[in-house]
Amino acid sequence: MPEILRIIFYAAFSGITVFFGGVLSYFFWKKFSNNRRTEEVNHFVIAFGGGIILAALALVLIPKGIEELELGPLILCFAAGALIFFYLDKKIEQSGSRYSQLIAMLLDFIPEALALGAIFANDRKTGMLLAIFIGLQNLPESFNSYQDLIANKFEPKKALSILFLLSFMGIIGAVTGFYLLQDLPKVTAAIMTFASGGILYLIFQDIAPNVTLKKTWLPALGANLGFLIGIIGEKLIH
């Protein structure tokens, strides 16, 4: 199989989970909207996604940055990611937008997809692992993004259509990264480190505070499960 087709295949997997997460959310809320366990499961999903995102950051994104970048650029890229994501998050809050989950998903999905395409040409195993991480983290993020869209008065079909279209951004990003960044490992590492700074900010600003529920420990265990899946993936690939 030509390398570009292989990249498109893995990028399609990592992206289509954006749509699948919305479909799961649609059926979940349709069937269990009045169930007393609904809130607990919802928080579990948020925590699970946070655990997977943290695994991607700790096991793939940051190690690649440390490997390729000198200390100065490493610090600069990580800090820039954190500050820019903070700025965007603040602007979103000031605008009164209720699309926070959707925007957060896109903020980490796009740079990760670029990195996926760039890495795949030179390190297929790491590229495969990153594709799995992206796909798994998109699932719970889009699960909650669907709820954002419904809360903003979107019809279910329109909300799912939006998520379906966004699922192709993974292919666009990966192909762009493959053609423009495969011979620029330091630029790729800089993008990954930049994304890491932003992702870590989002974890503690938007994800972790929305996980805790009184008198239940299920959400916190969801974060552990998400990170454990990341560890298993890293071990199996390498």
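A residue is called buried here when its relative accessible area is under 20%, and the structure treated in these exercises is a predicted model.

**Exercise 1. Determine what share of the protein is buried, and describe the exposed surface.**

Step 1. Applying that cut-off to the 238 residues of the protein, one finds that 47% of them are buried.
Step 2. Turning to the surface, the protein exposes about 12000 Å², and carbon and sulfur atoms supply 69% of this area.

**Exercise 2. Describe the elements of the protein and judge its overall compactness.**

Step 1. The protein contains nine helices and zero strands.
Step 2. Its radius of gyration is 17 Å, close to the 18 Å that the globule rule gives for 238 residues, so the protein is as compact as a globular protein of that length.
Step 3. Along the principal axes, the C-alpha trace spans about 50 × 40 × 40 Å.
Step 4. Of the contacts between residues at least 6 apart in sequence, 85% join residues at least 24 apart.

**Exercise 3. Locate the largest nonpolar core and examine one of its members.**

Step 1. This core holds 39 residues, among which Leu116, Leu130, Leu163 and Ile199 touch the most other members.
Step 2. Several helices give two or more residues to the core, including helix 1 (3-32), helix 5 (124-151) and helix 8 (185-207), while the largest share, eight residues, comes from helix 2.
Step 3. Once neighbours within four places in sequence are set aside, the contacts of Leu163 include Val18, Phe19, Leu102, Met105, Tyr146 and Leu149.
Step 4. As general background, nonpolar side chains tend to be buried together in soluble globular proteins.

Methods: Residues numbered from 1 in each chain as written. Predicted model: local features only at pLDDT ≥ 70, side-chain atom pairs only at ≥ 80, totals over all residues. Heavy atoms only, no water. Helix = DSSP H or I, 4+ residues; strand = E, 2+ residues; numbered from the N terminus. Rg over C-alpha atoms; globule rule 2.2 N^0.38 Å. Buried < 20%, exposed > 50% of the residue type's maximum accessible area, 1.4 Å probe, protein only. Contact = heavy atoms within 4.5 Å. Areas by Shrake-Rupley, 256 points an atom, 1.4 Å probe, with all protein chains shown as cover. Core = buried A, V, L, I, M, F, W, Y, C linked by side-chain atoms within 4.5 Å.
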